[in-house]
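Visitor: I would like to learn how to read a model like this one. Where should we begin?

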Amino acid sequence: MKRSSVFAATLLALAAFSAQAQTPAEPAAAAAPAAPAAPAAAATPAAPVVVGSATPGPAAESLIVNDTKVGTGREATSGATVYMHYTGWLYRPLAKNMRGRQFDSSIPRGEPLDFVLGTGRVIKGWDQGIVGMKVGGKRTLIIPSELAYGSRAAPGGGIPPNSALIFDVELIDVK
């Protein structure tokens, strides 16, 4: 079995902690986006400020999955072990390519992250956003904070509380 990175261990630990410690404040945050839909809100500079950034912009409200290359190999299904290369940034909608500060990548290490899909060993946005990919495929995942680390910061200080994240992922193998 391949060595897991420190980030992978952090993803696993925080996903487990997040599953145990769901707060009632999260559903209230999901109800908030109804206000910006009003025409008056579009004319006023009332856009939320993304945590950790001086750049105002709309927060990610739901998981966004964008295939940049469709794979042709085996399909990633719940319960399968997947091997992924990834690069993660803080989501900044008004920044170039919507990418803020990069906080981790498996690519320089040359070792893909492996985990069992759909078991809560990674953040919810990964468990949901990787299902259906095929080996050789690449995706961009924009993950709202509720499907990432929520109101808690990730250990190590690389990801502030309430941060939406953006990942470029590549499915290397499925077993």
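Guide: Begin with the terms for elements: helices and strands are DSSP runs, numbered from the N terminus. G137 is placed by those terms in the loop between α4 (124-129) and β5 (138-143). Keep in mind throughout that this is a predicted model.

Visitor: How many helices and strands does the protein have, and in what order do the elements run?

Guide: The protein has 4 helices and 6 strands. Read from the N terminus, the order is α-α-α-β-β-β-β-α-β-β.

Visitor: What does pLDDT say about the protein?

Guide: The general point is that predicted coordinates should not be read in detail where pLDDT is low. Here the mean pLDDT is 77, and 66% of the residues reach 70 or more. Over residues 1-57 pLDDT stays under 50, and the model has 66 contacts beyond four places in sequence for that stretch.

Visitor: Back to G137. Is G137 buried or exposed?

Guide: The cut-off for buried is under 20% relative accessible area. G137 has 2% relative accessibility, so G137 counts as buried.

Visitor: Which residues does G137 touch, leaving out those up to four places away in sequence?

Guide: G137 touches K69, V70 and G71, and also V169, E170 and L171. For G71 there is a distance as well: its C-alpha atom is 3.7 Å from that of G137, although the two residues are 66 apart along the chain.

Visitor: What share of the contacts joins residues at least 24 apart?

Guide: Taking contacts between residues at least 6 apart in sequence, 72% join residues at least 24 apart.

Visitor: Next, burial and the nonpolar cores. What percentage of the residues is buried?

Guide: Of the 175 residues in the protein, 38% are buried. The largest nonpolar core has 27 residues, and those touching the most other members are M84, F115, W126, I130, L165 and F167. At least two residues of this core come from each of β2, β4, β5 and β6. The most come from β6, which gives 5 residues. Another core, of 6 residues, lies apart from it and has W89, Y91, A164 and I166 among its members.

Visitor: How many aromatic pairs are there?

Guide: A pair is judged by the distance between ring centres, and its type by the angle between the planes. The count is 5 aromatic pairs. One of them, Y86 with F167, is edge-to-face, at 6.4 Å centre to centre and 65° between the planes. Y86 is in strand β2 (residues 81-91) and F167 in strand β6 (residues 165-174), so this pair ties together parts 81 residues apart in sequence. Y86 and F167 are both buried.

Visitor: What type of pair do F115 and W126 form?

Guide: F115 and W126 form a tilted pair, 5.8 Å centre to centre with 50° between the planes. F115 lies in strand β4 (residues 113-116) and W126 in helix α4, 11 residues apart. F115 and W126 are buried too. Ring pairs link Y86, F103, F115, W126 and F167 into a cluster.

Visitor: Where does the charged end of R99 sit?

Guide: The charged end of R99 sits over the ring of W89, 4.8 Å from the ring centre.

Visitor: Now polar contacts of buried side chains. What does the side chain of T140 contact?

Guide: A polar contact is a pair of N or O atoms within 3.5 Å. T140, in strand β5, is buried with a relative accessible area of 11%. Its side chain makes a polar contact with the side chain of D168 at 2.7 Å. Beyond four places in sequence, T140 touches residues including I64, V65, R99, F167 and D168.

Visitor: And what does the side chain of S163 reach?

Guide: S163 lies in the loop between β5 and β6 and is buried, with a relative accessible area of 2%. The side chain of S163 reaches the backbone oxygen of P160 at 2.8 Å.

Visitor: Last, backbone angles. What is the phi of M98, and what is that of N162?

Guide: The phi of M98 is near 65°, a positive value in a residue other than glycine. M98 is in the loop between β2 and β3 (99-105) and is partly exposed, at 31% relative accessible area. N162 is not a glycine either, and has a positive phi of about 60°. N162 is found in the loop between β5 and β6 and counts as partly exposed at 42% relative accessibility.

Conventions:
Residues numbered from 1 in each chain as written. Predicted model: local features only at pLDDT ≥ 70, side-chain atom pairs only at ≥ 80, totals over all residues. Heavy atoms only, no water. Buried < 20%, exposed > 50% of the residue type's maximum accessible area, 1.4 Å probe, protein only. Contact = heavy atoms within 4.5 Å. Phe/Tyr/Trp six-rings, centres within 6.5 Å; stacked < 30°, edge-to-face > 60°. Lys NZ or Arg CZ within 6 Å of the ring centre and 35° of its normal. Polar contact = N/O pair within 3.5 Å; in protein donor to acceptor, adjacent residues only side chain to side chain. pLDDT = per-residue confidence, 0-100. Core = buried A, V, L, I, M, F, W, Y, C linked by side-chain atoms within 4.5 Å.
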